[in-house]
Amino acid sequence: PLTHLVKWLYRLSMLQAPYVFFQNKDDLEFFLENKLVKPSQAILVPGSGVDLIRFKITLRATGPYASPDCVTFLLLARLLWEKGVGEYIDAARHLKKKHKNVRFLLLGQLDVANPAAITKAKIEQWQSEEIIDYLGKTDDVRPYIEAADCIVLPSYYREGTPRSLLEAAASAKPIITTDSIGCRDTVENGVTGLLCEPRNAEDLADKMEKMLMMSEDQRQTMGLKGRVKMEQEFDERIVIEKYLTIINELNRSEYRSK
């Protein structure tokens, strides 16, 4: 009953909207299949886009957070279970038993007001087990992305298009994320990164181990192809231009109607 109510409210709220923007294909198709919007209303944009000037190509892990002796994985997200943090920890625990040259970073705000939030006590426990290095929160993710060899987001949350993955790819870092809504759009599996099954720590560990066993050149090649994908599909100028085109069209039609 709740699902029917929510669908009805969506349909009602967007009935008079000239256009409705979607940030991934799955959401657009869902709304069309359920007749929540008309095909003439639906417009697909590549997420919020990414600033390709601010996020520059960084092939090697650099900066104060880098570790030259290790392959460094980084998860940056709001610290919610649905972002796949638990699976990341389980995979890290497994890989640390097998490999010495690997390091796992966690960056993000503790969202204490959210019932799905990971507690400070849990973070401290993982640190005491020496599974992860928790880096706290930041207003500038660039130094942390630059310090990593691979960015991981094993989210099973219904994403739009995760900005962290766009920023990672724009920085020429290979990505590991889930084959799920929003996330899969950011990666060409086996080309710019790797896709894993949602809620599957074992499969995530397998993909992370594949990344770990690659040469530095192979990871850099993946990262550079990810940068090209961002330039061709996710440049924020593409998104802005699309919005401006629609706004100008609506302004012209409103002017004509007067």
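Helices (H or I, at least four residues) and strands (E, at least two) are DSSP runs, numbered from the N terminus. This is a predicted model, where local features need pLDDT of at least 70, side-chain atom pairs count only at pLDDT 80 or more, and totals for chains, interfaces and linings use all residues. Residues are numbered from 1 along each chain as its sequence is written, and side-chain values use heavy atoms, with hydrogens and water left out.

**Stop 1: Lys229**

Select helix α8 (residues 216–234) and find Lys229 in it. Lys229 counts as buried because its relative accessibility is 7%. (Buried means under 20% relative accessible area, exposed over 50%, partly exposed in between, with a 1.4 Å probe and protein chains only.) Now show its contacts, meaning heavy atoms within 4.5 Å. Leaving out residues up to four places away in sequence, Lys229 touches Asp185, Thr186, Val187, Glu188, Thr192 and Phe234.

**Stop 2: strand β4**

Select residues 102–107, strand β4. 6 of its 6 residues are buried, so β4 is largely enclosed by the rest of the structure. In a regular strand, side chains alternate between the two faces of the sheet. Here Val102, Phe104 and Leu106 point one way, while Arg103, Leu105 and Leu107 point the other way.

**Stop 3: the neighbours of β4**

Add strand β3 (residues 71–76), which runs parallel to β4 and is joined to it by 6 bridges. Two strands pair if DSSP finds at least two bridges between them. Look for Leu74, opposite Leu105 in β4. Next add strand β5 (residues 133–134), also parallel to β4, with 2 bridges. There, Asp133 is the bridge partner of Leu105.

Now bring in the helices. With helix α3 (residues 85–98), β3 and β4 make a right-handed β-α-β unit. With helix α4 (residues 120–128), β4 and β5 make a right-handed β-α-β unit. (Right-handed: with the strands pointing away from the viewer, the path from the first strand over the helix to the second runs clockwise.)

**Stop 4: the cavities**

A cavity is a set of points on a 1 Å grid over the protein atoms alone where a 1.4 Å probe fits but cannot get out; lining residues have an atom within 4 Å of a point. Grid points are joined across faces, edges and corners, and a volume is the space filled by probe spheres set on the points. There are 2 cavities of 30 Å³ or more.

The largest has a volume of about 70 Å³. Select its lining: Leu59, Ala148, Asp149, Ala172, Lys173, Pro174, Glu216, Arg219 and Gln220.

The second largest holds about 30 Å³. Its lining is Arg54, Phe55, Lys56, Thr58, Arg142, Glu146 and Ser171.

Note on methods: 1 Å grid on protein atoms, 1.4 Å probe; cavity = no way out; pocket = protein on both sides within 12 Å on 5 of 7 lines; lining within 4 Å.
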